[in-house]
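The report below considers a sheet, a surface patch and a set of side-chain contacts, and is meant to be read beside the sequence and the model.

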Amino acid sequence: GNVDVKKGTVISKYYQHFEYFLPMDTTPSEFLQSFYNLNVTDARKHLSEFNLESETHTIPIEKCSGGQKSRIAFSTLALGNILILDEPTNHLDIETIEGLSNALREFEGGIVLVSHDAKLIRELDCSLYVCKDNQIVKYRGDFDQYREEVLKEIEQQVEQAIKQKTKKKKFKEEKQKVIISENDTEQIKAL
């Protein structure tokens with residue numbers, strides 16, 4: 001399909017596999033300098049706003065921890081007025097997840113969030129869209145209602161699988177009885 005974007009709209013994306021998009025051989029400071037066309041001081045100030053320790057600004061990104069790489073990736077979202085976030089809480093500690101949640105609640109633009117983090121979804125009071133059968137449908141309830149619905153579906157699937165397995169077992173047992181019965185018949189005829 002087509003997407004029409006209003007002039008001045010900046011879409012920023014965060015991927016759960018961000019490490020594939022970060023230049024591992026450059027430093028976080030160098031990366032931001034090229035990404036935003038910043039000077040060294042402004043790049044380092046920007047990284048500090050995302051709780052990246054100053055000693056980490058000048059080492060290659062490949063030597064940063066998963067959480068530090070997440071912060072570097074998050075720092076590139078600052079100019080966006082629409083955020084697309086794919087599993088943003090991966091690699092984050094609890095304190096950083098809380099900071100992310102607070103920042104997203106205060107964010108005045110649009111957010112498309114793909115997440116399995118129930119706490120984050122609840123805190124953001126998201127509108128839910130369900131992707132199923134090649135369709136995207138807005139869910140009319142809240143997250144907890146959706147969760148209960150999914151759990152009931154899973155429970156029904158498990159019950160159905162158990163019934164199916166029980167039927168197969170009974171069929172196998174009956175088939176075995178028939179085989180035994182045929183063998184008995186052959187032995188009786190032989191006598």
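Is Arg105 buried, partly exposed or exposed? With a relative accessible area of 45%, Arg105 is partly exposed, where buried means under 20% relative accessible area, exposed over 50% and partly exposed in between, for a 1.4 Å probe and protein chains only. The model is predicted, so that local features need pLDDT of at least 70 and side-chain atom pairs count only at pLDDT 80 or more, whereas totals for chains, interfaces and linings use all residues. Residues are numbered from 1 along each chain as its sequence is written, and side-chain values use heavy atoms, with hydrogens and water left out.

**Salt bridges**

A search of the whole structure finds six salt bridges, each defined as a side-chain nitrogen of Lys or Arg within 4 Å of a carboxyl oxygen of Asp or Glu. Three of them are listed here by their N to O distance.

| Salt bridge | Distance |
|---|---|
| Arg122 and Asp144 | 2.7 Å |
| Glu123 and Arg105 | 3.7 Å |
| Asp93 and Arg71 | 3.8 Å |

Arg122 belongs to helix α5 and Asp144 to helix α6 (residues 143-190), so this salt bridge ties together parts that are 22 residues apart in sequence; helices are DSSP runs of H or I with at least four residues, strands are runs of E with at least two, and both are numbered from the N terminus. Salt bridges also link Arg105, Lys119 and Glu123 in a network.

**Around Arg71**

Asp93 is partly exposed at 42% relative accessibility, while its partner Arg71 is buried at 12%. The side chain of Arg71 also makes a polar contact of 3.0 Å with that of Thr96, a polar contact being a pair of N or O atoms within 3.5 Å of which, within protein, one must be able to donate a hydrogen and the other to accept it, with residues adjacent in sequence counted only if both atoms are side-chain atoms. Thr96 lies in helix α4 (residues 94-106) and, at 17% relative accessibility, counts as buried.

**The sheet**

Three strands form an open sheet with parallel pairing in the order β1-β2-β3, where two strands pair if DSSP finds at least two bridges between them. Because β1 (11-14) and β3 each have a single partner strand, they stand at the edges, and one side of each is left without a neighbour in the sheet. Four bridges join β1 and strand β2 (residues 82-86) in the parallel sense, and Tyr14 stands opposite Leu85 in β2. Val112 lies in strand β3 (residues 110-114) and is partly exposed, with a relative accessible area of 44%.
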